[in-house]
Amino acid sequence: MFPMPQSAEELERFKRNTSRKLDGLQCPDHRQSPRLRFEGETLREVTISMSGCCPKLMALANAAIRSN
Ligand SMILES: [Zn+2]
């Protein structure tokens with residue numbers, strides 16, 4: 001487990017890092033970018049929801065987010 005400082009700063013950093021992973025990602029079929037939304041007030045309870053034009057883009061976006 002990694003330590004979880006429950007600060008707004010940590011949460012913002014997490015959001016930035018996650019968003020960065022999707023930078024430049026586009027659907028090969030539709031040239032759309034995925035949309036990312038964060039819910040939750042702390043790093044512990046934050047959830048990510050993504051939307052995109054089609055399942056192919058969602059698969060690409062999921063893979064990008066899970067990678068480092
Ligand atoms: Zn698409």
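Strand 2, residues 47-51, lies largely in the open, because the number of buried residues among its 5 is 0. A residue needs 20 or more other C-beta atoms within 10 Å of its own to count as buried. This is a predicted model.

Strand 2 has a partner. Strand 1, residues 35-39, runs antiparallel to strand 2, and 5 bridges join the two. One of the pairings can be named: Arg-37 has Ser-49 in strand 2 as its bridge partner.

Next, the loop ahead of strand 1. Asp-23 sits in the loop between helix 1 and strand 1. Arg-31 is found in that loop too, with helix 1 spanning 8-21. The cut-off for an exposed residue is 12 or fewer C-beta neighbours within 10 Å. Both residues count as exposed, as the table shows.

| Residue | C-beta neighbours inside 10 Å | Class |
|---|---|---|
| Asp-23 | 8 neighbours | exposed |
| Arg-31 | 9 neighbours | exposed |

What is the sign of phi at Arg-31, a residue other than glycine? Phi of Arg-31 is positive, near 60°. Most residues other than glycine have a negative phi.

Asp-23 can also be placed relative to Ser-33. The two are 10 residues apart in sequence. Their C-alpha atoms are 8.7 Å apart in space.

How far does the predictor trust this chain? The average pLDDT is 90, and 91% of the residues score at least 70. Confidence is lowest in helix 1, at a mean of 93. Confidence is highest in helix 2, residues 55-66, at 96. Where pLDDT is low, the predicted coordinates should not be read in detail.

Terms used: Residues are numbered from 1 along each chain as its sequence is written. This is a predicted model: local features need pLDDT of at least 70, side-chain atom pairs count only at pLDDT 80 or more; totals for chains, interfaces and linings use all residues. Helices (H or I, at least four residues) and strands (E, at least two) are DSSP runs, numbered from the N terminus. Two strands pair if DSSP finds at least two bridges between them. pLDDT is the predictor's confidence in each residue, from 0 to 100.
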